[in-house]
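Me: Hi! I'm new to reading protein structures and could use some company. Can we go through this one together?

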Amino acid sequence: MSIINIDKELCTGCRRCANVCPVGAIKGEQGKVQTIDEHKCVVCGQCVQICSSYASQFDTEITSIDLKLKERGMLEGTKEPLFAAYNMGQVDLLKKYLSDDNKYKIVQCAPAVRVALAEEFGMEFGKLTPGKMASALKKLNFDRVYDTNFAADLTIMEEGSELIKRVTEGKNLPMFTSCCPAWVKFAETEYPEILNHLSSCKSPQQMAGTIFKTYGAEIDNIDPSTILSVAVMPCTCKQFECDREEINSSGYKDVDIVITTRELAYLIKDMGIDFINIDDEEFDKPLGEYSGAGTIFGSTGGVMEAALRTGYELITKKSIPNIDLKFVRGGQGLRTATVEVGDLNLNIAIVSGLKNVIPVIESIKEGKCDFHFIEVMTCPEGCVSGGGQPKLLIEEHRDVAYKKRKESIYDHDSNLKIRKSHENPAIKKLYDEFLKEPLGHKSHHLLHTNYVSRKEI
Ligand code: SF4
Ligand code: SF4
């Protein structure tokens, strides 16, 4: 079974999904059942977000709901309607592991999850609930509740250093970000000739997974083979990413199970946790400590802003004059700027929505691209609008929800004491005690990866 599927019994052939698919992977005639070209599909889940055709409890002509839940990896008794376009879940599997005391269970949560999870419990769009989320995860029996934001800070240390190296050496420019797995799959499938332009950094999810099973195992004095590494993500493609063959540099699979924001909500409801009234708790230390820069990764422009905050200070050895780089923030499309960083005029671009990257790639192929650094996110507004986020069935709600989720992300950043990745004390400690230096031997082995051509010949 693929990660993204269309249920033949439920699809009405409205082709709303085909209209949002950024790569034209959905095929079929209007009014007939649609199919997905798995090779082309970048697993972004935008079709899953938009599909509004569903099975109701009263549909007797179709396969039973219980059987469908099982086939989709969903929890028995889930009350939410089952839509025609869906992603294969892992929440059923996770529930079984949660009661296994032989496993040391570590969970990480991506920045966009904490600004959307509460919507599943009837709270307003964009309600920010990191404390409730951490508390609910502890009640779910996780031994350590860590944070992908921590690894976002780590990504900035490695990616910022990589950019400085490439700019200094004048090699493989422009450099693209590599934290969006759907973008990486797209580049591998359609444009393998530009793979040397992708940062070699693993995504924050994968960096976190590797660090949990190495440094994390050391500090908790745990046998890494007993660790179950779980990720809660706004993105359906994160499951595809964690199953990539090369992602196991800790000696084990970096991330064992990925669930989406929606699946975490199902699990919390299933376990009878009162999310609305639960008291806040902190993430565990040190791998749950994060800066504002780590948290803005969830929005388009966030990786760029985080990288500039750190890159500016590493290059100039001076404090950045204004930490809120509002010119990189925005919505779907392509934004460009030239930023003075010491003696360097850094040409940057931010791409949100996968279709918008094609002209940029074509300009590289023609040798006409003068950008140094380009952030690419597949989903319309970055991870806040990911395929695994709470579904928005009413068209008008979509823009409001995305706006509110983004506002919450930037509020969270501005309310944190530490707002630059290189100032995160837990990151400094990780380098002092374990990694030693960005792009060093250990960092290279654990935190960087390589890509493969998936082009059909
Ligand atoms: S999968 Fe959903 S959105 Fe796509 S054509 Fe079928 S019913 Fe419409
Ligand atoms: S997951 Fe994304 S790429 Fe794949 S079919 Fe759906 S919309 Fe298209």
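Me: What covers the buried residues of α10?
Reply: Happy to help, and keep in mind that this is a predicted model. The cover over the buried residues of α10 includes the helices α2 (46-50), α4 (91-98) and α5 (130-139), along with the strands β6 (85-87), β10 (227-233) and β11 (257-260).

Me: And how many residues of α10 are buried?
Reply: Helix α10 runs over residues 261-270, and 8 of its 10 residues are buried, so it is mostly covered. Those buried are Thr261, Arg262, Glu263, Leu264, Ala265, Tyr266, Leu267 and Ile268.

Me: What does glycine 272 do just after α10?
Reply: Glycine 272 takes a positive phi there, about 70°.

Me: Let's try another helix. How many residues of α7 are buried?
Reply: In α7, which spans residues 181-190, 9 of the 10 residues are buried. They are Pro181, Ala182, Trp183, Val184, Lys185, Phe186, Ala187, Glu188 and Thr189.

Me: What do they pack against?
Reply: The buried residues of α7 pack against two helices, α9 (237-242) and α13 (358-365), and two strands, β9 (175-176) and β14 (373-377).

Me: New topic: how many disulfides does the structure hold?
Reply: The count is 0 disulfides. Take cysteine 109, which is in no disulfide: the nearest cysteine sulfur belongs to cysteine 383 and is 14 Å away. Cysteine 179 is in no disulfide either, and its nearest cysteine sulfur, also that of cysteine 383, is 7.2 Å away.

Me: Remind me what a disulfide is?
Reply: Sure, it is a covalent bond that links the sulfur atoms of two cysteines.

Me: Is cysteine 109 buried or exposed?
Reply: Cysteine 109 counts as buried because its relative accessibility is 0%. Cysteine 179 has 12% relative accessibility, so it counts as buried too. The cut-off for buried is under 20%.

Me: Which residues are closest to ligand 1?
Reply: The closest are Cys11, Cys14, Arg15, Cys17 and Cys51, out of 13 residues that surround ligand 1. That shell divides into 7 nonpolar, 4 polar and 2 charged residues.

Me: And which residues surround ligand 2?
Reply: Around ligand 2 you'll find Ile4, Cys21, Pro22, Val23, Ile26, Ile36, Cys41, Val42, Val43, Cys44, Gly45 and Cys47. Here the shell has 11 nonpolar residues, 1 polar and no charged.

Me: I clicked on glycine 160. Which helix does it lie in?
Reply: Glycine 160 lies in α6, the helix of residues 148-169. Glycine 160 counts as buried because its relative accessibility is 8%.

Me: How far is its C-alpha atom from that of methionine 377?
Reply: The C-alpha atoms of glycine 160 and methionine 377 are separated by 18 Å, and the two residues are 217 residues apart along the chain.

Me: Let's zoom out. How many helices and strands are there in the protein chain?
Reply: The protein chain has 16 helices and 14 strands. Of its 457 residues, 62% count as buried.

Me: What about its overall size?
Reply: Along the principal axes, the C-alpha atoms fill a box of roughly 70 × 50 × 40 Å. The radius of gyration is 21 Å, which agrees with the value near 23 Å for a compact globule of 457 residues.

Me: How much area does the chain expose?
Reply: About 18,400 Å², with carbon and sulfur atoms supplying 49% of it.

Me: Last one: what share of the contacts comes from residues 24 or more positions apart?
Reply: Such residues account for 75% of the contacts in the protein chain that have a separation of 6 or more.

Definitions and conventions. Residues are numbered from 1 along each chain as its sequence is written. Chains are lettered from A and ligands numbered from 1 in the order in which they are written. This is a predicted model: local features need pLDDT of at least 70, side-chain atom pairs count only at pLDDT 80 or more; totals for chains, interfaces and linings use all residues. Side-chain values use heavy atoms; hydrogens and water are left out. A residue is near a molecule or strand if one of its heavy atoms lies within 4 Å of it. Ala, Val, Leu, Ile, Met, Phe, Trp, Tyr, Cys and Pro count as nonpolar, Asp, Glu, Lys and Arg as charged, and the others, Gly among them, as polar. Helices (H or I, at least four residues) and strands (E, at least two) are DSSP runs, numbered from the N terminus. The radius of gyration is taken over C-alpha atoms; the globule rule is 2.2 Å times the number of residues to the power 0.38. Buried means under 20% relative accessible area, exposed over 50%, partly exposed in between (1.4 Å probe, protein chains only). Contact means heavy atoms within 4.5 Å. Accessible areas come from the Shrake-Rupley method with a 1.4 Å probe; for residues, only the protein chains shown count as cover. A disulfide is a pair of cysteine sulfur atoms within 2.5 Å.
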